[in-house]
Protein chains: 2
Amino acid sequence: MTTTTETRIEADPAVPVIRVVREFDAPPERVFRAFADPDVLVQWLGPETTSVRVDRWDAVNGGGYRFTMLRGAEELVTFWGAFHEVRSPDRMVRTQSMEGMGDGAVLNTLTFEALPDGRTRLTDATLIESFEGRDMILASGMDEGVIAGYKKLDELLADG
Amino acid sequence: MTTTTETRIEADPAVPVIRVVREFDAPPERVFRAFADPDVLVQWLGPETTSVRVDRWDAVNGGGYRFTMLRGAEELVTFWGAFHEVRSPDRMVRTQSMEGMGDGAVLNTLTFEALPDGRTRLTDATLIESFEGRDMILASGMDEGVIAGYKKLDELLADG
């Protein structure tokens, strides 16, 4: 069995979309839960040096959320948005904004695809209002946080 | 005073966005309410020959909605989604899907801009996941429903 845990981050040439593709050694139900259950989410989301405080979490169709990334007691950034669709085990669609960063909002679609041997391919597609906005997100160092977070999630899934 | 009630529907050349621009002879607070208050919304939304049944309506940040267009007792189409941001009088951001039409979701941003003489310019920008998806929406006859609905909204606003 070949285990791929490379994180692919692609900028779509045609539309202002960032697509992150990552495989996990766990079935879709468990990977989905890692995104939907805030008690699991806080255990892996973001870079090594940060923690997550969930301020609101209502993971249902037409529910809202808000969470804050912390370094120690310092608040680094707050993300908030609405859940458009929460459909275990294969699909989650939500909006997202960064507090204090103006009026931009993105549409984020997570697809959890079952692979052989009980594995999952996650595709995380973020649709942004402009190519300029996408360039800003790509230049922000988001890739490091994404890659580090998914590595923590690997370990969490391995622990059961 | 020049009163423009032309509805402009534009396809952005760079990104898969449909932008509808329309002015109203009422201040932003009143036009905003026509989109946020379901009791007002049902009085104007859609073509002349249809009515609207609101199935869910929670117009707050991180709330959800669902409504059905009817012709007589016949259900024509159901739209549903989440409110990302509801910020009277100038901004509303929401997602939208059509029930039974697959997994597509769009991000819709309404901006209500105050003009001189107590008027409002509404910009309704819908961001779609692909240019193909946008072409399908533009070819669906959505323009007729939009133009007819805004004409009813003109009358409603004139009536106070």
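The following paragraphs describe the nonpolar cores, the aromatic pairs and a surface patch of this predicted model.

The largest nonpolar core comprises 33 residues, and those with the most contacts inside it are B:Phe35, B:Trp44, B:Phe67, B:Met92, B:Phe112, B:Tyr150 and B:Leu153. Several elements of chain B each supply at least two residues of this core, among them helix H1 (28-36), strand E4 (63-71), strand E7 (106-115) and helix H4 (142-159). A second, separate core of 32 residues includes A:Val52, A:Met69, A:Val106 and A:Phe112.

B:Phe35 offers a view into the core of chain B. Apart from neighbours within four places in sequence, B:Phe35 is in contact with residues including B:Trp44, B:Met92, B:Phe112, B:Tyr150 and B:Leu153.

Aromatic pairs number 24 over all chains. In one of them, the ring centres of B:Phe35 and B:Phe112 lie 5.5 Å apart with planes at 65°, so the pair is edge-to-face. Because B:Phe35 belongs to helix H1 of chain B and B:Phe112 to strand E7 of chain B, the pair ties together parts that are 77 residues apart in sequence. Both B:Phe35 and B:Phe112 are buried.

The rings of B:Trp44 and B:Tyr150 have centres 5.9 Å apart and planes at 35°, and the pair is therefore tilted. This pair links B:Trp44, in the loop between H2 and E3 of chain B, with B:Tyr150 in helix H4 of chain B, 106 residues apart. B:Trp44 and B:Tyr150 are both buried. In chain A, ring pairs link A:Phe24, A:Phe32, A:Phe35, A:Trp44, A:Phe112 and A:Tyr150 into a cluster.

On the surface, A:Ile9, A:Leu138 and A:Ile147 make a nonpolar patch of about 200 Å². A:Ile9 is located in strand E1 (residues 8-11) of chain A.

Notes:
Residues are numbered from 1 along each chain as its sequence is written. Chains are lettered from A and ligands numbered from 1 in the order in which they are written. This is a predicted model: local features need pLDDT of at least 70, side-chain atom pairs count only at pLDDT 80 or more; totals for chains, interfaces and linings use all residues. Side-chain values use heavy atoms; hydrogens and water are left out. A nonpolar core is a set of buried Ala, Val, Leu, Ile, Met, Phe, Trp, Tyr and Cys residues joined through side-chain atoms within 4.5 Å. Buried means under 20% relative accessible area, exposed over 50%, partly exposed in between (1.4 Å probe, protein chains only). Helices (H or I, at least four residues) and strands (E, at least two) are DSSP runs, numbered from the N terminus. Contact means heavy atoms within 4.5 Å. Patches are made of residues with over 30% relative accessible area and no salt bridge: like charges are joined within 9 Å, nonpolar side chains (Val, Leu, Ile, Met, Phe, Trp, Tyr) within 5 Å. Accessible areas come from the Shrake-Rupley method with a 1.4 Å probe; for residues, only the protein chains shown count as cover. A salt bridge is a side-chain nitrogen of Lys or Arg within 4 Å of a carboxyl oxygen of Asp or Glu. Rings of Phe, Tyr and Trp (its six-membered ring) pair if their centres lie within 6.5 Å; planes under 30 degrees apart count as stacked, over 60 as edge-to-face and the rest as tilted.
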